[in-house]
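Here's a quick tour of one protein model, aimed at someone who likes to think in contacts and burial. Pull it up and follow along.

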Amino acid sequence: MVDDAASNRKMVKRSLQKTFPHIEEAENGQVAVDKFVAFVNTYRQSQQSSDLIGVVLMDLFMPIMDGVEATRQIKQQAEAAGVEVLIFGVTGQGLMDDVRLFKAAGADEVFVKPLDTTKMLHCLQTVYGFAT
């Protein structure tokens, strides 16, 4: 969960904790990229096959590095490592420009705040076959 607002991270974490017991948090895109790279390095040392290794919920507007650039970098890192990660962009405005920016950077889906976690979980199950 990547969002500069701690209250947003806490709320989403609370609603997803039962389905996803291990949720990492980052307060900006740069922290998210750094954590992802560290995770992938550890993961690749312990696994031999290419897998879906996670889902990232990425806020759009954050300091240091915004969600669009972080999405682009994480997708590039995942491709280079031979792993798959789903990135769901999250925007407070839901403007078509926001959706286009996220999609151009590689986001798999884009949701509008407040995040409807039931809708997100349904999307994970029906579109991506993710067992929750």
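What follows covers the nonpolar cores, one buried charge and a strand crossover.

Keep in mind that this is a predicted model. Its largest nonpolar core has 23 residues, and a separate core of 15 residues lies apart from that one.

**The cores**
- Inside the 23-residue core, the residues with the most contacts are Val2, Met58, Ile74, Val85 and Phe102.
- Helices H2 (29-46), H3 (67-81) and H4 (96-105), along with strands S1 (52-59) and S2 (84-91), each give two or more residues to this core.
- H2 chips in the most, with five residues.
- Once you skip neighbours within four places in sequence, Val2 touches Ala26, Asn28, Gly29, Ala32, Val56, Leu57, Met58, Asp59 and Met62.
- As for the other core, its 15 residues include Phe20, Leu57, Val90 and Cys123.

**A buried charge**
- Asp98 sits in helix H4.
- Asp98 is buried but has no salt bridge; the nearest side chain of opposite charge is Arg100, 9.1 Å away.
- Leaving out neighbours within four places in sequence, Asp98 is in contact with Leu60, Phe61, Thr91 and Gln93.

**Strand S2 and the crossover**
- S2 is mostly covered, with seven of its eight residues buried.
- S2 and strand S3 (residues 109-112) run parallel and are joined by four bridges.
- Take Phe88 as an example: its bridge partner in S3 is Glu109.
- Going from S2 to S3, the chain passes through H4, and this β-α-β crossover is right-handed.

Terms used
Residues numbered from 1 in each chain as written. Predicted model: local features only at pLDDT ≥ 70, side-chain atom pairs only at ≥ 80, totals over all residues. Heavy atoms only, no water. Core = buried A, V, L, I, M, F, W, Y, C linked by side-chain atoms within 4.5 Å. Buried < 20%, exposed > 50% of the residue type's maximum accessible area, 1.4 Å probe, protein only. Contact = heavy atoms within 4.5 Å. Lys, Arg positive; Asp, Glu negative; His and termini not counted. Salt bridge = Lys/Arg side-chain N within 4 Å of Asp/Glu carboxyl O. Pairing = 2+ DSSP bridges. Right-handed = clockwise from strand over helix to strand, strands pointing away.
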